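Here are my notes on the model you sent over, set out as numbered points. I start with an exposed loop residue and then work inwards.

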Amino acid sequence: MQNKAVFLDRDWTVNYDSSYVHKIEDLKILDWVKEWLFALLNLWYKLILITNQSGIWRWYYTMQDCDNFNDELQKQLWLQFDWIYICSHTKEYNCECRKPKILNIEKAIKDFNLDIKQCFFVWDKDSDIQAWINAGCETVLITNDKYKCSIEPNYKVKTLQEFSDILSQR
């Protein structure tokens with residue numbers, strides 16, 4: 001039997017982003033995220049974070065800084081993501097793991113025996129959604145005032161809780 005998952009972008013989806021956020025003291029979780037993630041766990045979804053963190057490649061911070069930030073994020077959420085996939089490259093490097101390319105998605109599908117038709121990706125900007133369209137995954141846009149998206153998602157919601165309500169009715 002294959003598993004189902006909700007893939008999440010990190011910055012502006014789970015936590016506030018203050019531009020290349022990586023310091024633990026700058027970590028601030030979005031207000032409704034914790035309750036929503038627990039609701040997904042109760043619906044038996046795997047929780048997988050896939051994030052572009054080009055600040056590492058730009059030498060703004062290290063992979064260890066990113067790992068420490070992600071560890072603290074999970075600690076404050078009181079949960080562990082099933083896995084966190086990180087691309088540390090800039091767009092110019094043209095690697096296969098940086099969204100909108102799909103190498104990290106393919107790895108997650110294989111690593112967790114996922115049925116992509118039962119998976120969703122939650123994001124906040126166009127560069128993220130194209131990867132999931134390329135992989136055949138349904139998409140969920142968390143609307144915010146920071147980014148305007150030109151690609152239409154499968155679902156458009158204001159909070160992750162709204163989306164959790166949709167999933168619980170499926």
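1. Let me begin with W59, which has a relative accessibility of 77% and so counts as exposed. Please keep in mind throughout that this is a predicted model. W59 sits in the loop that links β2 to α2. Its backbone deserves a look too: phi of W59 is near 70°, a positive value in a residue other than glycine.

2. A second tryptophan can be described along similar lines. W78 is found in the loop between α2 and β3, and its phi is positive, about 65°, although W78 is not a glycine. Is W78 buried or exposed? With a relative accessible area of 65%, against a cut-off of over 50% for exposed, W78 is exposed.

3. One more backbone detail concerns the loop between β3 and α3 (103-111), where P100 is found. The peptide bond joining K99 and P100 is cis, with omega about 25°.

4. Now to the sheet. In what order do the six strands of the open sheet run? The order is β3-β2-β1-β4-β5-β6, and the pairing is parallel. At the edges are β3 (83-87) and β6 (155-157), each of which pairs on one side only. From one strand to the next, the twist averages 20°.

5. Two helices that pack on this sheet are worth describing. Helix α2 (residues 63-77) touches β2 (46-52) and β3, and its direction makes about 150° with that of β3. That angle is over 145 degrees, so α2 and β3 count as roughly antiparallel. Helix α4 (residues 126-135) packs on the sheet as well, touching β1 (5-8), β2, β4 and β5. The direction of α4 makes about 170° with that of β4.

6. Strand β1 has pairings with β2 and with β4. With β2 the sense is parallel and there are four bridges; A5 has K46 as its bridge partner in β2. With β4, which also runs parallel to β1, there are three bridges, and here F7 is partnered by F121. Which way do the side chains of β1 point? A5 and F7 point one way, V6 and L8 the other way, and all are buried. This fits a general pattern: in a regular strand the side chains alternate between the two faces of the sheet.

7. Strand β4 (residues 120-123) is joined to strand β5 (residues 138-142) by four bridges, and the two run parallel. V122 has V140 as its bridge partner in β5, while F121 stands opposite T139 in β5. F121 is thus a useful residue to follow across the sheet, as the bridge partner of F7 in β1 and as the residue opposite T139. Within β4, F120 and V122 point one way and F121 and W123 the other way; all are buried.

8. Next, a helix pair. The axes of helix α1 (residues 33-42) and helix α5 (residues 160-168) come within 9 Å and cross at roughly 20°. Angles under 35 degrees count as roughly parallel, and α1 and α5 are therefore roughly parallel to each other. The crossing of α1 past α5 is left-handed.

9. What do α1 and α5 bring to their contact? From α1 come V33, E35, W36, A39 and L40, and these meet L160, Q161, F163, S164 and L167 of α5. Sorted by type, the residues of this contact divide into seven nonpolar, two polar and one charged.

10. Finally, a lysine on the way into β4: K117 is placed in the loop between α3 and β4. With a relative accessibility of 60%, K117 counts as exposed. Leaving aside residues up to four places away in sequence, K117 touches G136 and E138. As a distance check for your own scripts, the C-alpha atoms of K117 and L30 are separated by 27 Å, and the two residues are 87 apart along the chain.

Note on methods. Residues numbered from 1 in each chain as written. Predicted model: local features only at pLDDT ≥ 70, side-chain atom pairs only at ≥ 80, totals over all residues. Heavy atoms only, no water. Pairing = 2+ DSSP bridges. Axes fitted to C-alpha atoms, helices over the stretch in contact; angles between N-to-C directions. Contact = heavy atoms within 4.5 Å. Parallel < 35°, antiparallel > 145°, perpendicular 65-115°, else oblique. Left-handed = near helix turned anticlockwise from the far one by under 90°. Nonpolar A, V, L, I, M, F, W, Y, C, P; charged D, E, K, R; others polar. Buried < 20%, exposed > 50% of the residue type's maximum accessible area, 1.4 Å probe, protein only.
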